[in-house]
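Me: I have a model open and would like to learn how to read helix packing and pockets from it. Could you take me through some cases?

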Amino acid sequence: MRRCPGRAVAAAPGGFLHLSLLASLRRCPSLQAHAQLLLLGLPLPAAAASHLLRPHLRSGHPIASLRLFLRILRDHEPAPASTASQEAVPDSYSFSAALAACSRHASPTPGFSIHAFLLKSGMASDLFAANSLLHFYASFRLHSVARKLFDEMPARDTVSFNTLIGSCVQSGRTEEALEVFRNMVEGGFRLDGWSFTALLSICARLGDLRLAKAAHGFARRAMKLEQFDSGEVVIVLVDMYVKCGAVQLARRVFDLSGEKARTVRVWTTLMSAHARAGEIDMARRLFDEMPNKDLVAWTALIGGFVQAGRYSEALGLFEEMEAAGVEADEVTVVTVLSACVQHGRIDLAKRLHHLVDQNGLISRNARLATSFVHMYAKHGYTKKAMDVFRGVDDEFKTVELFNAMINGFAKLGLVEKAISLFDDMGSLGLHPDKITFVGVLCACSRSGLVQQGFQIFNSMADKYGVNPDIKHYACMADLLGRVGRLGDAYSFIQHMPFKANHVVWSSLLEACRMHRNYKIAELAEKQLLELDPTCKPRKLTLSDLFSDEKIKGPPSRVKRVTKHKAQKQLLKFDTCKPNKKLALSGLFSDEKRKEQSARVGKFTKHKAEKRLVKLDTACKP
């Protein structure tokens, strides 16, 4: 296609089109004008390029904004004194935009370079640039650097204080944030809406109701009425009182607020507060009154029903959500899955699995995959659980996902697969935690692998730096008990760095029942009764322990008392029989049982059996 001569002149550098595009960039910076300059091959002056940094950033392209800023630095030349009145580039506006782009970068390294350039160029004292630099360090949670920069600033304004308060809150230093706010008030700096919302957020984190009420009153007196009744302030007030445990005060703030301030977020916050407080019916009424319901509101109420143990209603609400055309996200699916596991709705869980698998979400979302693995493994669907596990890309696999699969194998006794997964964690650079070792040691215990179990147990602190707790010691004691090494198990428990709890002693007692060891069982029973005097012997399974006639030793207390009462009652029966030559010992003799039974009258025998049934029922623990 031939170019028109007039068009070529117009598109030349310094031509009408070039100057028009540059003028439009100064008036209203847009990426469209930038694209036209690039397509036409026209130069972009540094001053015009500085106006395009923010548009690139707002469009979600921080890398493009940084590249453009580097081009500005490359073309930068110190301006002579005669042109000092002209626009100097880069200026504080350019640095602010570049630092905002650095805040969205994966690494703080580009921001460090810009900080060095600011120091070298002498622009570090510029308030606008310094505030941007302060925000950059706060976004990467480098609070110590941000605090040092704030203390060295020659001048500060409201933005400086707000940024530092936000950095304190993000770093969990609420006391320091409150002190900075106090210095801000004492210094006479103007308080804006962000300052008050930051103050209320500090009170919410502290959970101090008295301080929260004082901050509420201070904000009400200092803020304008229209600003105080805005949705931003109302949501922070409701959230503050909820986190301070004052749900009724949160409800009062909600009732006194205007209709415009009652956003979906405010409704959801109050509804979630009632659900967490156990007032799930009130939460449901609030949900029904909501004029607009979003996915967060649906998920919050479903989670409230799950927390209250009302799984059927949670699943019913999810079906209502689907009927309303609201599409579930990751959080909703995880919440509904927990209800499916507890309620046994595997059909719904499989449908959810099919839904997220179609979207390809499960392969890149370890949290979602972990929930499905846990659900399938709990109900014995090992193959499906393993398919979900393998479907997750290695780069997205987490320790929690491995833990769910390892514990699933351990519960089913698939020790080889559990240990194989444990070994695979190291190849992906994942570090096992305490839950991982509980699953692996539990697998070894169920399979009786003493040597391998102790090898893994000893490697916890030596190789992985994980200190064993009572759960890991309980697994090892159970392992020794299962293989019949009851003496070693008892000695292991005695030398534990923790005091054994009822789980450890119950496990040993169960092992004694399996291997018919009365002596250690009696010791375990004694320890259990010391831990819980109200514990009934029936719960200790000692009645099963002495059921075999070959076991020598005194019977349990319950059986001894029951037998004594039965003998005493039978003695009464014997004395009232027509034939008084019958002896009590004969009733318990195997050789003479048939002969003596024939001599007992039918009426007397029936009466004795009837009274024995009553006695046995009364003596049961």
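Me: At what angle do helix 7 and helix 9 pack, and how far apart are their axes?

Reply: Two packed helices are described by the angle between their axes and the distance between the axes. In this predicted model, helix 7 (residues 92-103) packs on helix 9 at about 5°, and the axes are 9 Å apart. Angles under 35 degrees count as roughly parallel, so helix 7 is roughly parallel to helix 9.

Me: Which residues make that contact?

Reply: From helix 7 come S92, Y93, S96, L99, C102 and S103. Helix 9 contributes F128, A129, S132, L133, H135, F136 and S139. Sorted by class, the contact of helix 7 with helix 9 has seven nonpolar, six polar and no charged residues.

Me: Is helix 8 roughly parallel or roughly antiparallel to helix 9?

Reply: Start again from the angle. Helix 8 (residues 109-121) and helix 9 pack at about 155°, with 11 Å between their axes. The cut-off for roughly antiparallel is over 145 degrees, so helix 8 is roughly antiparallel to helix 9. Helix 8 passes helix 9 in a left-handed crossing.

Me: What meets what between helix 8 and helix 9?

Reply: On the helix 8 side are G111, F112, H115 and L118, and on the helix 9 side are A129, L133, F136 and Y137. The residues of this contact divide into six nonpolar, two polar and no charged.

Me: How do helix 20 and helix 21 cross?

Reply: The axes of helix 20 (residues 295-307) and helix 21 (residues 311-323) come within 7 Å and cross at roughly 165°. Helix 20 is therefore roughly antiparallel to helix 21. Their crossing is left-handed.

Me: Which classes of residue are found in the contact of helix 20 with helix 21?

Reply: Take the residues before the classes. L295, W298, L301, I302, F305 and V306 in helix 20 meet Y311, E313, A314, L317, F318, E320 and M321 in helix 21. They divide into 11 nonpolar, no polar and two charged.

Me: Now a pocket. How much space lies in the second largest pocket, and which residues are closest to its centre?

Reply: A pocket can be read by its volume, then by its lining. The second largest pocket holds about 340 Å³ of space. It is lined by 15 residues, and N162, T163, G166, Q170 and W194 are the closest to its centre.

Me: Which helix gives the most to that lining?

Reply: Helix 9 (127-139), helix 11 (158-170) and helix 13 (193-206) each supply at least two residues of the lining. Helix 11 gives the most, with eight residues. By class, the lining of the second largest pocket has six nonpolar, nine polar and no charged residues.

Methods:
Residues are numbered from 1 along each chain as its sequence is written. This is a predicted model: local features need pLDDT of at least 70, side-chain atom pairs count only at pLDDT 80 or more; totals for chains, interfaces and linings use all residues. Side-chain values use heavy atoms; hydrogens and water are left out. On a 1 Å grid over the protein atoms alone, a cavity is a set of points where a 1.4 Å probe fits but cannot get out, and a pocket is an open set with protein on both sides within 12 Å along at least five of seven lines; lining residues have an atom within 4 Å of a point. Grid points are joined across faces, edges and corners, and a volume is the space filled by probe spheres set on the points. Helices (H or I, at least four residues) and strands (E, at least two) are DSSP runs, numbered from the N terminus. Ala, Val, Leu, Ile, Met, Phe, Trp, Tyr, Cys and Pro count as nonpolar, Asp, Glu, Lys and Arg as charged, and the others, Gly among them, as polar. Axes are lines fitted to C-alpha atoms, for helices over the stretch in contact, and angles run from 0 to 180 degrees between N-to-C directions. Angles under 35 degrees count as roughly parallel, over 145 as roughly antiparallel, 65 to 115 as roughly perpendicular and the rest as oblique. A crossing is left-handed if the near helix is turned anticlockwise from the far one by less than a right angle, and right-handed if clockwise. Contact means heavy atoms within 4.5 Å.
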